[in-house]
Amino acid sequence: MKMNKPFPKKADYVIIGGGISGVSIAWNLAKKGAKNIVVIEQKFLSWGATGRCGAGIRQQWSSEANCILAKKSIEFFEKAQELLEYDGNVEFKQEGYLIVGSNEAEDKQFEDNVKLQNSLGIPSKKLTPQEAKEIVPHLNIEDVYSATFCPTDGHLNPFTTTDAYYKAALREGVDFFTYTKVTDILTKNNEITGVVTDKGTIETNHVINAAGGFAKEIGEMVGVDIPVYSQNREILVTEPIEKIQGPMVISFSKNIYCQQTPHGAFLMGRGDERPPGYSMESTHTFLDEMAKTVTSLLPPIGDLRVIRQWGGLYNMSPDHQPIISDSTLVKGFYMACGFSGHGFMLAPMTGLLLSEMILNEPPSLPVENLKLTRFDGKDIKEYEKSVV
Amino acid sequence: MNPKDVIICRCSDVTLQDLYDLFEQGYDTFEELKRVKRVGMGPCQANTCGKMVQWEIAKYYGKPLEEVEFHNMRPFTLGVKLKSIKEAADDEDE
């Protein structure tokens with residue numbers, strides 16, 4: 001991105017990371033009247049996890065926090081095109097998520113999930129395999145035990161949604177510097193004093209860590225230990241075809257998510273166990289397993305040609321829920337990380353809650369269960385189970 | 001010729017004018033153009049338009065071609081059907 005401004009020497013707020021979380025935080029802060037906001041991105045906007053994700057937005061979670069964050073975020077996404085006054089297209093599609101399960105244990109989990117979701121106003125429902133097939137006729141229900149469906153889940157284009165936030169933030173006066181790498185963060189008496197980058201040092205008292213897969217490293221720069229790790233998850237895309245599938249089809253037991261984007265291409269991924277690290281490589285083992293799973297569950301998809309595959313980083317937290325937090329150790333240090341594979345779909349609330357926290361406004365939602373302190377001295381056993 | 005009538009990316013139907021519009025807004029790398037306009041992301045994976053996009057960036061921003069980074073090429077080189085991959089994987093398993 002060509003910026004017609006010199007690199008700043010001072011800023012009120014420096015956001016590290018030009019993914020969906022970073023741009024949402026920037027836009028929310030600016031909308032609330034904050035000034036001198038700078039976003040630093042090491043490559044280009046949506047280079048990291050955002051631009052590599054499965055482009056789905058869903059509310060069908062097993063933890064209350066994730067359900068509420070997702071529901072409120074979808075309420076924003078329904079109007080995002082207008083609210084962000086975007087001249088492109090965020091490609092919002094609301095045709096649901098169909099979650100299929102293969103055994104009794106999963107069925108029990110579905111029962112609990114739907115009960116929780118309904119109590120929070122999320123219109124999900126439990127389905128028999130036959131009912132699931134009515135929604136996605138090419139679904140092979142041979143190994144399907146039961147399913148759940150939420151009609152208001154859907155799709156959004158991660159690139160253009162990031163672009164929409166970016167342009168809206170730009171109009172609010174936010175400055176963006178791409179291809180700029182943060183190398184250190186300066187503190188004095190446990191207070192943030194600056195950010196060092198390969199383009200220069202910015203004097204500031206507020207740093208927001210929205211570095212996605214690299215959030216732990218940013219934390220280490222100020223001595224804050226964030227209990228997250230990154231892990232490669234792979235994904236592929238096919239050639240585009242005419243519309244044949246409305247909802248996203250996912251299964252935790254079968255390890256697959258697969259949707260047709262409004263553009264016509266099918267996106268599909270799975271979460272094979274990989275060692276923690278920063279590799280985003282593509283493997284043939286992923287391809288083999290993906291092809292086996294999808295041709296079995298959604299047979300006609302087998303006729304589509306794969307045109308591209310890639311990987312991206314999930315930033316995993318101990319309870320698979322985001323860390324949207326200030327720091328009790330370093331004043332002026334904030335973080336939005338550990339999204340565990342669903343940072344894209346929660347971004348509207350990430351931006352809102354973090355900007356409220358930074359500007360000392362009352363939070364729109366309870367945030368104690370999102371803060372870093374929730375892990376203090378605890379061995380986390382309860383975690384969000386609905387993650388592919 | 002009117003840039004509106006010059007098709008750069010045949011897969012994603014992107015014209016030269018589309019690129020000019022994005023250049024004017026400050027998008028100056030191949031990777032950014034891909035993401036906001038899908039240029040080079042179709043079935044041919046920029047095998048047709050890749051060099052042209054690189055040239056247009058160079059011309060517009062007045063840079064030598066070698067200073068304009070080519071897009072990040074990812075597998076596959078050629079589209080392959082999922083069922084063919086499955087069959088090959090099954091063969092290997094036997």
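What percentage of the 388 residues in chain A is buried? Keep that in mind as you look around this predicted model.

**Stop 1: chain A as a whole.** Select chain A and show it as a cartoon. You will find 10 helices and 19 strands there. The radius of gyration of chain A is 20 Å, close to the 21 Å given by the globule rule for 388 residues, so chain A is as compact as a globular protein of that length. Turn it about its principal axes, and the C-alpha trace spans about 60 × 45 × 40 Å.

**Stop 2: inside chain A.** Now for the opening question: buried residues account for 54% of the 388 residues. Next, consider contacts in chain A between residues at least 6 apart in sequence: 75% of these join residues at least 24 apart.

**Stop 3: where chain A meets chain B.** Bring chain B into view and select the contacts between the two chains. Here 27 residues of chain A are in contact with 21 residues of chain B. To find the chain A side, select α7 (158–171), α9 (284–297) and β17 (305–316), each of which supplies at least two of its residues. Colour that side by class and you will see 11 nonpolar, 8 polar and 8 charged residues.

**Stop 4: a strand pairing across the chains.** Stay with β17 of chain A and add residues 80–81 of chain B, which form strand β3. These two strands pair in the antiparallel sense over 2 bridges. To finish, zoom in on A:R305: which residue of β3(B) stands opposite it? Select B:K81, and you have the partner facing A:R305.

Terms used: Residues numbered from 1 in each chain as written. Chains lettered and ligands numbered in written order. Predicted model: local features only at pLDDT ≥ 70, side-chain atom pairs only at ≥ 80, totals over all residues. Helix = DSSP H or I, 4+ residues; strand = E, 2+ residues; numbered from the N terminus. Rg over C-alpha atoms; globule rule 2.2 N^0.38 Å. Buried ≥ 20, exposed ≤ 12 C-beta atoms within 10 Å, placed from the backbone. Contact = placed C-beta atoms within 7 Å. Nonpolar A, V, L, I, M, F, W, Y, C, P; charged D, E, K, R; others polar. Pairing = 2+ DSSP bridges.
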